[in-house]
Amino acid sequence: MEWSWTEADSDQLVAWLKARQLVPQDGRPVLKIIGEGHSNITTLVELGDSRLILRHQPVIRANAPDVLREARHIAKLNKAGALAPHVLAMAEAGEALAVPLYVMEHVPGIVVSGDLPEPLRQDPRGMAHAMIDALADLHGIDAAQITSRPLDDPEANRTHFAMMRGLIAKLDGHEGEALRAMAQQLDDRVPDAARQCVVHSDFRLGNLMWAPDLPPRLVTVLDWELSTTGDPRLDLGYFMIAYPAPGITRTPLQDLGRALYQADFPPISELLARYAGRTGRALADLHWFAAFVAWKTAVFYVLSRQRGEDRYYDDDAHCRAFLGASADHLARRDK
């Protein structure tokens, strides 16, 4: 993401933070952009022993995800007991910056965004179990505390699919053709929706924070900008395309989580079985959901590249990889 703090932006933000007593009055905080995100900006605000995390829409992108919706959603999750950082303050556009923002607590821990560090390398099975357990626990939250929308809608998956399909109806070029061709395959036997729960929608290794010691333990889950309510199998499908599996095309999400290739992590089948045992949920049609989420992610990557706002999306190999994974999962569904 191409964005940096200017002196004027820094001055305005620091004044706002001090006025709300979120940072010490003496001294000037250091602002450091962190994370690997490609939508909203995450900044570490540090002054002495005081640390905060700031999330805001980048000035250069008017169509970035709504950070205040994200903040309000996290605040509800905080009350429901979800494993998420606590929101401390929010600001409308013009209050602290020219764009909306929110501030949340800084949670110390390890985010695995590159190679697998010690001591986590010593217990990959424990890591994998902690990951799937956290997803199961998220899906166990009473979604009625988060939304007033109906949670029982058998047509929800078909509605979701139709909405995504509409985004590519007039997409030009070979990618548009390839995306529509895959949509045609997905249209066959779209599963009825299960009762909706809170879904993260970006649950992968790089969005998890770990305690610095063993046994592996998650201290928080990050990046809730896409979280909503939906069929829990959408999250499981996303997890499946972000986790290595023999015979499935490697996706860009797995490249972001390359640490999963650096130790003897258990097979995805073991994790899905553990999830089923922990939740008691029926897990039918998971390969369709993995295929759908891979296709959906390809759609977002192509549309993001067309907007030309982030060089990360410039590589058209991303789309081919996601479509390859989608085809692989559909093939397994039919076996």
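The legends below describe an overview and several close-up views of a predicted model.

**Figure 1. Overall dimensions and make-up of the predicted protein model.** The protein is built from 10 helices and 10 strands, and its C-alpha atoms fill a box of roughly 65 × 50 × 40 Å along the principal axes. For 335 residues, a compact globule would be expected to have a radius of gyration near 20 Å, and the value for the protein, 20 Å, agrees with that expectation. Of these 335 residues, 54% count as buried. When contacts between residues at least 6 apart in sequence are considered, 71% of them join residues that are at least 24 apart.

**Figure 2. Packing of helix H5 against helix H9.** Helix H5, which covers residues 173-186, and helix H9, which covers residues 286-307, pack at an angle of about 160°, and their axes are 11 Å apart. Because this angle is over 145 degrees, H5 is roughly antiparallel to H9. The crossing in which H5 passes H9 is left-handed. By class, the contact of H5 with H9 consists of 11 nonpolar and two charged residues, with no polar residue. On the H5 side the contact is made by Glu175, Leu179, Met182, Ala183 and Leu186, while H9 contributes Trp288, Ala291, Phe292, Trp295, Ala298, Val299, Val302 and Arg305.

**Figure 3. Serine 326 in helix H10 and its contacts.** Serine 326 has its place in helix H10, which runs over residues 317-333. With a relative accessible area of 0%, serine 326 falls under the 20% cut-off and is therefore buried. Leaving aside neighbours within four places in sequence, serine 326 is in contact with Met182, Ala291, Ala294 and Trp295. Among these partners, Met182 belongs to the H5 side of the contact between H5 and H9, whereas Ala291 and Trp295 belong to the H9 side.

**Figure 4. Packing of helix H3 against helix H6.** Helix H3, spanning residues 124-139, packs against helix H6, spanning residues 232-242, at an angle of about 160°, with the two axes 10 Å apart. This arrangement makes H3 roughly antiparallel to H6, and H3 passes H6 in a right-handed crossing. The residues of this contact divide into seven nonpolar, one polar and one charged. In H3, the residues concerned are Met131, Ile132, Leu135, Leu138 and His139, and they meet Pro232, Asp235, Leu236 and Phe239 in H6.

**Figure 5. Isoleucine 34 in strand S1 and threonine 220 in strand S9.** Isoleucine 34 is found in strand S1, residues 30-34, and is partly exposed, with a relative accessible area of 31%. Not counting residues up to four places away in sequence, isoleucine 34 touches Thr42, Leu44 and Ile53. Glutamate 92 lies 58 residues from isoleucine 34 along the chain, and the C-alpha atoms of these two residues are separated by 22 Å. Threonine 220, in strand S9 (residues 218-221), is buried, with a relative accessible area of 1%. Again not counting residues up to four places away in sequence, threonine 220 touches Leu83, Ala84, Pro85, Val107, Leu208 and Met209.

**Figure 6. Cis peptide bonds preceding proline 119 and proline 215.** The peptide bond from glutamate 118 to proline 119 is cis, and its omega is near 0°. Proline 119 lies in the loop between strand S6 (110-111) and helix H3 (124-139). A cis peptide bond also joins leucine 214 and proline 215, where omega is about 0°. Proline 215 is found in the loop between strand S8 (208-210) and S9, S9 being the strand in which threonine 220 lies.

**Figure 7. Positive phi angles at glutamine 21 and arginine 189.** Although glutamine 21 is not a glycine, its phi is positive, at about 55°. Glutamine 21 lies in the loop between helix H1 (7-19) and S1, and this residue is exposed, with a relative accessible area of 69%. Arginine 189, likewise not a glycine, has a positive phi of about 60° and is found in the loop between H5 and strand S7 (197-199). The relative accessible area of arginine 189 is 46%, so this residue counts as partly exposed.

Definitions and conventions
Residues numbered from 1 in each chain as written. Predicted model: local features only at pLDDT ≥ 70, side-chain atom pairs only at ≥ 80, totals over all residues. Heavy atoms only, no water. Axes fitted to C-alpha atoms, helices over the stretch in contact; angles between N-to-C directions. Helix = DSSP H or I, 4+ residues; strand = E, 2+ residues; numbered from the N terminus. Parallel < 35°, antiparallel > 145°, perpendicular 65-115°, else oblique. Left-handed = near helix turned anticlockwise from the far one by under 90°. Contact = heavy atoms within 4.5 Å. Nonpolar A, V, L, I, M, F, W, Y, C, P; charged D, E, K, R; others polar. Rg over C-alpha atoms; globule rule 2.2 N^0.38 Å. Buried < 20%, exposed > 50% of the residue type's maximum accessible area, 1.4 Å probe, protein only.
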